[in-house]
Amino acid sequence: MASSEVGEVLEFEEYVRTRQEALLRSARRLVPDPVEAQDLLQTALARTYGRWDGIADKSLADAYLRRVMINTRTEWWRARKLDEVPTEQLPEAAVDDGTEQRADRALLIDILGVLAPKQRSVVILRHWEQMSTEETAAALGMSTGTVKSTLHRALARLRQELERRELGARELERDEERGPQQCAA
């Protein structure tokens, strides 16, 4: 093995060692099963390793790997087989339509709208993308102290807005319970 090849292998190993947790979080967002997420990441790493020397700007390696994971997950989805087993009786259907989850997500997206763009960016990178404070600071071109203080103020603002909306919803419920005659009085 030539010394340049050894250097590439060591560089890739170091990259995987330092970025493995963040990449696994990305894989977990793509597939719900933790074991499948690990398989997805390992497959993506194996595919990326073969092209590692072709990635000129290594700072874009995370984005490259995420794209490989998305493509791999899509390939798996297309190739999956339907494992249907005919039975005498139908299984009891669990009805989890996801309405509550969609409502929570819609509320979260709506409530993020009260934040200034800088605050929204910090909250999304830290809590949605689960980046570290340092990664968030680097991505947004801020100091870590600015990220921390911006996040603190943004979360306080979000709590305040949630409390305001919760109070408004309780007042609306009370008004509905009293009925139209009592509200007009």
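This report describes helix α3, its crossing with helix α2, and the surroundings of T136 in a predicted model.

## Helix α3

Helix α3 comprises 19 residues, from 61 to 79. At 1.5 Å a residue, a helix of this length should span 27 Å, and the end C-alpha atoms of α3 are indeed 27 Å apart, so the expected and computed values agree.

Six positions in α3 are listed as buried: A61, D62, L65, V68, M69 and T72. Viewed down the axis of α3, these buried residues fall within an arc of 120 degrees, and they therefore line one face of the helix. W77 and R78, on the other side of α3, are exposed.

## Crossing of α2 and α3

Helix α2 covers residues 34–49, and its axis comes within 9 Å of that of α3. The two axes cross at roughly 120 degrees; α2 and α3 are therefore oblique to each other. Their crossing is right-handed.

Residues that α2 brings to this meeting include E36, D39, L40, L41, T43 and A44, together with L45, R47 and T48. On the α3 side, the residues met are Y64, L65, V68, M69, T72, R73, E75 and W76. Among these α3 residues, L65, V68, M69 and T72 also belong to the buried set of the helix.

## T136 in helix α6

T136 is found in helix α6, which runs over residues 133–140. Its relative accessibility is 0%, and because buried means under 20%, T136 counts as buried.

Apart from neighbours within four places in sequence, T136 is in contact with V122, L125, R126, M131 and V147.

Note on methods
Residues numbered from 1 in each chain as written. Predicted model: local features only at pLDDT ≥ 70, side-chain atom pairs only at ≥ 80, totals over all residues. Heavy atoms only, no water. Helix = DSSP H or I, 4+ residues; strand = E, 2+ residues; numbered from the N terminus. Expected span 1.5 Å × (residues − 1). Buried < 20%, exposed > 50% of the residue type's maximum accessible area, 1.4 Å probe, protein only. Arc of directions from axis to C-beta. Contact = heavy atoms within 4.5 Å. Axes fitted to C-alpha atoms, helices over the stretch in contact; angles between N-to-C directions. Parallel < 35°, antiparallel > 145°, perpendicular 65-115°, else oblique. Left-handed = near helix turned anticlockwise from the far one by under 90°.
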